[in-house]
Amino acid sequence: MRKIIVDFDNTFTIEGRDIDDLIAFLYLYEKEDIEIPFVTTTFGNSNQDEIYNSTLQCFKDLGIDIPVYRGASQNDNCKIAAENIRDYIKDNPGEVEILALGALRNFKILVDIDPGIENSVKSFTAMGGISSPLFFGGKKMDELNFSIDCKSAYKVINKFKIPNIITGNNCIDNVCSYDIISKLKFSKYPILKSPIKRWLDFFSDKYEFSGVVLWDLIAALYLYRPDLFEDHIDRYDISEENLKGGYLKADSSGKKLNLPSPKKGIDYLKALDFL
């Protein structure tokens with residue numbers, strides 16, 4: 001049984017905010033060979049209060065009975081999430097895979113309170129970062145997950161040996177269209193249908209484009225099905241200055257990272273078949 005901790009900035013219940021954190025979680029949660037002992041909340045799509053409460057409400061509505069541990073906010077260093085992550089890693093050394101889908105503050109606190117704990121983690125995968133300016137529907141998109149807390153991103157990315165970073169640039173061509181959504185039956189989670197379609201409409205109005213990129217789902221898909229991706233291990237300058245804009249800039253003397261890209265023909269419908 002694989003052991004995966006999901007740290008996310010879930011805002012599924014909040015109108016006009018991203019929905020893909022919850023979808024990424026559910027994709028993994030539905031796998032019989034994966035154990036998610038708990039989730040931890042971070043900030044990014046909204047503030048910690050809204051994200052934590054949204055997650056509690058989502059899990060109640062969906063009948064999901066696993067703990068939700070509140071993480072740090074932009075204005076505090078709450079250790080609840082980090083301490084629970086630390087304890088679970090210590091109980092399962094070398095077995096725990098981490099999926100980080102928002103700001104990396106909880107993991108910065110983790111390596112602060114237990115230096116060297118990163119060496120007991122099986123893998124670290126994060127959604128975030130851009131390697132060049134990002135455009136969708138002809139409009140520029142700002143990076144969020146690393147830039148919102150560049151100091152934490154800098155420390156965490158440097159700590160883990162070769163982090164897997166699912167960048168916006170490597171996701172941008174994988175659009176989840178209205179056609180794909182219309183084929184979903186929502187038989188197991190019918191309450192998701194309306195919010196997902198509402199988000200598609202919001203995205204369409206904002207970017208004048210018929211479809212969305214489910215960034216966090218792609219990160220979860222990489223974690224579960226790395227065979228659908230091409231790994232790209234190289235060195236990057238991840239200085240705090242670059243990370244203020246979320247940039248990972250190629251640099252032969254920089255930090256070694258893996259920036260996987262989905263292979264052509266990735267099938268979103270199969271990735272979403274749990275709905």
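In this predicted model, a search of the whole structure identifies 14 salt bridges. One of them links the side chains of Arg105 and Asp149, with a nitrogen-to-oxygen distance of 2.6 Å. Arg105 belongs to helix α4, which spans residues 105-113, whereas Asp149 sits in the loop between β8 (139-141) and α5 (150-159), so the pair ties together parts that are 44 residues apart in sequence. Both partners, Arg105 and Asp149, are buried.

Helix α4 also contains Lys108 and Asp112, whose positions four residues apart place them about one helical turn from each other. The side chains of Lys108 and Asp112 meet in a salt bridge at 2.8 Å, N to O. Lys108 is partly exposed because its relative accessible area, 25%, lies between the limits of 20% and 50%, and Asp112, with a relative accessible area of 33%, is likewise partly exposed. Through salt bridges that share partners, Lys108, Asp112 and Lys155 are joined into one network. A further salt bridge is formed by Arg86 and Asp87, whose closest N and O atoms are 3.1 Å apart; here Asp87 is partly exposed, at 36% relative accessible area.

The cysteines were examined next. In general, a disulfide is a covalent bond between the sulfur atoms of two cysteines. The structure holds zero disulfides, and in the case of Cys78 the nearest cysteine sulfur, which belongs to Cys58, is 20 Å away. Since a disulfide requires two cysteine sulfur atoms within 2.5 Å, this distance explains why Cys78 is in no disulfide. Cys78 nevertheless counts as buried, with a relative accessibility of 18%, and Cys150 is also buried, with a relative accessible area of 13%.

The strands can be described starting from β1 (2-8). Six of the seven residues of β1 are buried, so this strand is largely enclosed by the rest of the structure. Strand β1 runs parallel to strand β2 (residues 34-35), to which two bridges join it, and in this pairing Arg2 stands opposite Ile34 of β2. Strand β1 also pairs with β5, again in the parallel sense, over five bridges, with Lys3 standing opposite Val96 of β5.

Strand β5 (residues 96-100) is itself mostly covered, since five of its five residues are buried. Val96, Ile98 and Ala100 point one way from this strand, while Glu97 and Leu99 point the other way, and the residues on both sides are buried. Beyond its pairing with β1, strand β5 pairs in the parallel sense with β6 (residues 123-127) over four bridges, and Ala100 stands opposite Ala126 of β6.

Attention then turns to the nonpolar interior. In soluble globular proteins, nonpolar side chains tend to be buried together. The largest nonpolar core in this model has 63 residues, among which Phe25, Leu28, Phe59, Leu192, Ile196 and Leu272 touch the most other members. Elements that contribute two or more residues to this core include the strands β1 (2-8) and β7 (134-136) and the helices α1 (20-29), α2 (48-62) and α8 (193-207). The greatest contribution, eight residues, comes from α9. Nine of the 10 residues of α9 are buried, so this helix is largely enclosed by the rest of the structure; the buried residues include Trp215, Leu217, Ile218, Leu221, Tyr222 and Leu223, together with Asp216.

The surroundings of Phe59 illustrate how residues distant in sequence are brought into contact: when neighbours within four places in sequence are left aside, Phe59 is in contact with Phe8, Leu22, Phe25, Val39, Ile64, Ile66 and Val68. A second core, separate from the largest one, consists of 32 residues, including Ile89, Ile109, Ile117 and Ile238.

A final site concerns Thr167, which is located in the loop between β9 (164-166) and α6 (168-171). Thr167 is buried, with a relative accessible area of 0%. Its side chain reaches the backbone nitrogen of Asn170 at 3.2 Å. Neighbours within four places in sequence again being left aside, Thr167 is in contact with Met127, Gly128, Gly129, Leu248 and Leu259.

Key. Residues are numbered from 1 along each chain as its sequence is written. This is a predicted model: local features need pLDDT of at least 70, side-chain atom pairs count only at pLDDT 80 or more; totals for chains, interfaces and linings use all residues. Side-chain values use heavy atoms; hydrogens and water are left out. A nonpolar core is a set of buried Ala, Val, Leu, Ile, Met, Phe, Trp, Tyr and Cys residues joined through side-chain atoms within 4.5 Å. Buried means under 20% relative accessible area, exposed over 50%, partly exposed in between (1.4 Å probe, protein chains only). Contact means heavy atoms within 4.5 Å. A polar contact is a pair of N or O atoms within 3.5 Å; within protein, one must be able to donate a hydrogen and the other to accept it, and residues adjacent in sequence count only if both atoms are side-chain atoms. A salt bridge is a side-chain nitrogen of Lys or Arg within 4 Å of a carboxyl oxygen of Asp or Glu. Two strands pair if DSSP finds at least two bridges between them.
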